[in-house]
Each structure stands twice: as C-alpha cells, then as structure tokens.
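The exercises below ask you to read a fold from its strand pairings, its core and a few selected residues. Work through each task with the structure open before turning to its solution.

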Amino acid sequence: MEMKHIYKHKSYLLAALMLAVFMLLPNVASAQQKVTLSGIVTDAADKQPVIGATVVIEGTKTGVVTDIDGKYSIQVPADAVISVECLGYVTQKIKVNGQTTINVAMASDKVALEE
C-alpha cells in the first residue's frame with residue numbers, strides 16, 4: 001500500500017518538473033546573446049573625436065553619448081543595428097554582427113551645415 005503512495009508522489013513531482021521546464025523554454029529561446037560594443041567616433045576629414053554623438057540601438061530608445069575623447073560603450077544584441085548620429089554629420093547605420101569594437105568616421109553633412 002505504501003508503494004502506491006510513493007509512486008503517486010513521484011508522478012506529481014515529475015509532472016511539476018516537466019511543467020516548469022516547458023514554461024522556461026520560451027524564455028531561453030527568446031534570450032538574445034548580448035555583446036559589449038565599444039569604439040571611437042571621429043570626424044572623417046580631420047580625424048578628431050566627435051564629442052556628443054549618439055549611438056542608439058535601432059528600434060529602441062537605448063543609446064549612449066560619446067565622451068570628450070569620442071569614445072562610447074554599450075550593451076547590444078549580437079545581431080543589432082546601431083545608428084550613429086550627430087548634428088552636422090551624416091547619420092550612419094551599422095550592423096553589429098557580433099563585433100565588439102566598431103570605430104566610426106563621420107562625414108560632414110554639408111546641407112545641414114548650410115541651413
């Protein structure tokens with residue numbers, strides 16, 4: 001009689017364990033690998049750092065601003081696209097493709113400067 005009782009508890013434990021595994025599978029499958037992306041944003045013409053450029057993950061509001069040396073660092077999904085923008089420069093969209101360092105040379109936007 002006690003053996004039936006033990007088997008009954010084992011089947012409940014097994015069912016609970018299987019349920020927990022199936023509930024966690026979507027979270028594991030949807031988790032994206034992230035990389036820490038860093039680099040330096042410079043002016044393409046004079047190679048000087050661009051201070052205050054924004055580096056934003058496309059499709060999100062997540063971004064950072066370059067420091068006084070033009071440096072940035074941001075956590076991004078490995079397959080992300082970043083947008084690098086700064087007033088007076090042409091915006092650049094760059095695929096990360098798992099890279100950890102992307103240096104960006106910004107070209108002047110002559111039309112924006114004239115306005």
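Two strands are taken to pair if DSSP finds at least two bridges between them. By that criterion β5 and β6 pair in the antiparallel sense, over 4 bridges. The model is a predicted one, and the exercises should be read with that in mind.

**Exercise 1. Describe the overall make-up of the protein chain, from its secondary structure to its surface.**

Solution. Begin with the elements: the protein chain has 2 helices and 7 strands, and along the sequence they follow the pattern α-β-β-β-β-β-β-β-α. Next, consider burial and contacts. Of the 115 residues, 25% are buried, and among contacts between residues at least 6 apart in sequence, 48% join residues that are at least 24 apart. Finally, the accessible surface comes to about 8,300 Å², with 61% of it belonging to carbon and sulfur atoms.

**Exercise 2. Work out the strand order of the open sheet of 4 strands, and identify its edge strands.**

Solution. Start from the pairings. β2 and β5 pair in the antiparallel sense over 4 bridges, and in this pairing Thr-54 has Glu-85 of β5 as its bridge partner. On the β6 side, Ile-82 has the bridge partner Ile-94, while Val-84 is bridged to Gln-92. The connection between β5 and β6 is a hairpin with 6 residues between the strands, and Gly-88 in its turn has a positive phi of about 95 degrees. Putting the strands in order gives β3-β2-β5-β6, an open sheet with antiparallel pairing. The edge strands are β3 (63-65) and β6, each of which pairs on one side only. Neighbouring strands of this sheet are turned by 20 degrees against each other on average, with direction ignored.

**Exercise 3. Do the same for the open sheet of 3 strands, stating its order and the sense of its pairing.**

Solution. The pairing between β1 and β4 is antiparallel and runs over 7 bridges; within it, Gly-39 has Tyr-72 of β4 as its bridge partner. The order of the open sheet is β4-β1-β7, and its pairing is mixed. The edge strands are β4 and β7, since each pairs on one side only. On average, neighbouring strands here are turned by 35 degrees against each other, again with direction ignored.

**Exercise 4. Locate the largest nonpolar core and say which strands supply it.**

Solution. The largest nonpolar core has 21 residues, and those touching the most other members are Leu-37, Val-41, Tyr-72, Val-76, Ile-82 and Val-84. At least two residues of this core come from each of β1 (34-43), β2 (54-57), β4 (71-77), β5 and β7 (104-106). Ile-82 can serve as an example: leaving aside residues up to four places away in sequence, its contacts include Leu-37, Tyr-72 and Val-76, as well as Val-55, Val-56, Ile-94 and Val-96.

**Exercise 5. Is Ser-83 buried or exposed, and which residues does it touch?**

Solution. First place the residue: Ser-83 is in strand β5 (residues 81-85). In a regular strand the side chains alternate between the two faces of the sheet. Next, test its accessibility against the cut-off, which for buried residues is under 20%; Ser-83 is at 1% and therefore counts as buried. Its contacts, not counting residues up to four places away in sequence, are with Thr-54, Val-55, Val-56, Glu-58, Thr-91, Gln-92 and Lys-93. In addition, the side chain of Ser-83 makes a polar contact with the side chain of Glu-85, at 3.0 Å.

**Exercise 6. Examine the backbone of Lys-47 and Asn-97, and decide how each is placed with respect to the surface.**

Solution. Take Lys-47 to begin with: its phi is near 65 degrees, a positive value in a residue other than glycine, and Lys-47 is found in the loop between β1 and β2. The cut-off for exposed residues is over 50%, so Lys-47, at 61% relative accessibility, counts as exposed. Turning to Asn-97, its phi is also positive, at about 50 degrees, although Asn-97 is not a glycine. Asn-97 is found in the loop between β6 (92-95) and β7, and at 61% relative accessibility Asn-97 counts as exposed.

How values were computed:
Residues are numbered from 1 along each chain as its sequence is written. This is a predicted model: local features need pLDDT of at least 70, side-chain atom pairs count only at pLDDT 80 or more; totals for chains, interfaces and linings use all residues. Side-chain values use heavy atoms; hydrogens and water are left out. Buried means under 20% relative accessible area, exposed over 50%, partly exposed in between (1.4 Å probe, protein chains only). A polar contact is a pair of N or O atoms within 3.5 Å; within protein, one must be able to donate a hydrogen and the other to accept it, and residues adjacent in sequence count only if both atoms are side-chain atoms. Contact means heavy atoms within 4.5 Å. Accessible areas come from the Shrake-Rupley method with a 1.4 Å probe; for residues, only the protein chains shown count as cover. A nonpolar core is a set of buried Ala, Val, Leu, Ile, Met, Phe, Trp, Tyr and Cys residues joined through side-chain atoms within 4.5 Å. Axes are lines fitted to C-alpha atoms, for helices over the stretch in contact, and angles run from 0 to 180 degrees between N-to-C directions.
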